[in-house]
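Here are a few exercises to work through with the model open beside you. Try each task before you read its solution.

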Amino acid sequence: MYSRILGTGGYLPQQVRTNADLEQMVETSDTWIVERTGIRERRIASAEETPAFMGVQAALQALEAAAMTASELDAVICATTSSANAFPSTACEIALGLGLNDVIAFDVAAACAGFSYAYSVAHNMIIAGQAKNVLVVGADTLAQACDPADRTTIILFGDGAGACILGASDEQGTLAIKLSSDPSRGDLLRLPFPKRGVADNSNCYLYMKGNDVFKHAVTVLAKLVNETLELAGLEAGDLDFLVPHQANLRIITATARKLKLDMSQVIVTLDKQGNTSAASVPLALDEGIRQGRIKRGDKLLLESFGGGFVWGSALIRY
Ligand code: UT7
């Protein structure tokens, strides 16, 4: 038994925050942001556009793409670090929103690498025979976790949700998965929870030592893509597309260069979406598929890197 992607979906909040908007908020410029990150605009969630709400919308699209009904799902896994509650989990809220009952439902917290981790759990549940169809959602609202006065983070993050349905299949869709972490670097990128009983929680914003994170991300991802290809017994030349985490265009181009891929073989969404954390890979995958660029049978390398540090990949035949 193998696992294979049956359908994908995505949801982006209505509100757009452009670089011009950020020029009004902090001391920055459109030129600096575009040159250093590649980001031009990002979406900002309203109070109603919670990770669960966005996750449900993305899931409904994925179900439609898979020509399935929600009742056919055996499990809902949500990768998020912006859940409204410790419990009920965002996955439980998504299950509720889809009208499900008696379904496996839980969140996975692996920051920007969350989708890779959740995908891996879903794949292993399927090949172990524990579930047939698993909804994997990545949903985050990290724009809200940034200090609006901190120009080093507020320019980077956007909100959104992406989803895919991974199903049991006799065709091998998932060819290789690699996950890992370097917990010794946790202090370089962190998001503390607000503390109960403390009047001032202003130090609970997302903190990132950007330049250090950048250097580690480039090094780790270069190693990760090679390890993943090796696990699958493939070479970079066998790949049709790279579907990378959307943190910084310079990180993405460095990985593409390492793989000797032309940028036409790389799905880039960050210009319009910024870094949507756990949502970024499934949103990019969905966009590539909906634009007709990614076709059935294509070999895709999905990769992500985030706070922890944590990182992960999936090499798949779509
Ligand atoms: O998703 C999880 C993984 N996250 C990432 O992978 C993000 C990794 N990091 C990055 O993408 C980049 O490091 C940033 C985009 C965050 C920063 O770019 P950088 O090229 O590493 O810039 P820097 O931090 O080295 O800062 C260069 C200069 C500094 O000024 P001085 O000290 O040279 O005078 C900063 O103060 O740019 C300044 N700066 C800004 N200037 C205008 C920092 N932020 C801004 C800003 N606008 N928004």
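**Exercise 1. Sort the residues of the shell around the ligand into nonpolar, polar and charged.**

Solution. Start with the classes: Ala, Val, Leu, Ile, Met, Phe, Trp, Tyr, Cys and Pro go down as nonpolar, Asp, Glu, Lys and Arg as charged, and the others, Gly among them, as polar. The shell then splits into eleven nonpolar, eight polar and four charged residues. That's a shell of 23 residues, where a shell residue has a heavy atom within 4 Å of the ligand. The closest are Thr 28, Arg 36, Asn 211, Asn 248 and Asn 275.

A word on the source: this is a predicted model, where local features need pLDDT of at least 70 and side-chain atom pairs pLDDT 80 or more, while totals for chains, interfaces and linings use all residues. Numbering runs from 1 along each chain as its sequence is written, and side-chain values use heavy atoms, leaving out hydrogens and water.

**Exercise 2. Find which helices supply at least two residues each to the shell.**

Solution. Take helices as DSSP runs (H or I, at least four residues), and strands likewise (E, at least two), numbered from the N terminus. Helix H2 (30-37), helix H6 (210-232) and helix H7 (249-258) each fit the bill. Of the contributors, H6 gives the most, with four residues.

**Exercise 3. Track down side-chain polar contacts to oxygen atoms of the ligand.**

Solution. Look for pairs of N or O atoms within 3.5 Å.

- Asn 248 puts a polar side-chain atom 2.7 Å from a ligand oxygen.
- Asn 275 has a side-chain N or O atom 2.7 Å from an oxygen of the ligand.
- For His 245, the distance from a side-chain N or O atom to a ligand oxygen is 2.9 Å.

Now for the cover: on its own the ligand exposes 960 Å², and the protein buries 74% of that (Shrake-Rupley areas, 1.4 Å probe).

**Exercise 4. Two residues other than glycine, Ala 111 and Lys 260, have positive phi. Is each one buried or exposed?**

Solution. First, Ala 111: phi is near 45°, and the residue sits in the loop between strand E5 (104-108) and helix H5 (114-127). Its relative accessible area is 18%, so Ala 111 is buried (under 20%; exposed is over 50%). Next, Lys 260: phi is near 55°, in the loop between H7 and helix H8 (270-273). With 75% relative accessibility, Lys 260 is exposed.

**Exercise 5. Where is the cis peptide bond that leads into Pro 88?**

Solution. The bond runs from Phe 87 to Pro 88, with omega near 0°. Pro 88 belongs to the loop between strand E4 (75-79) and helix H4 (90-97).

Definitions and conventions. Polar contact = N/O pair within 3.5 Å; in protein donor to acceptor, adjacent residues only side chain to side chain. Buried < 20%, exposed > 50% of the residue type's maximum accessible area, 1.4 Å probe, protein only.
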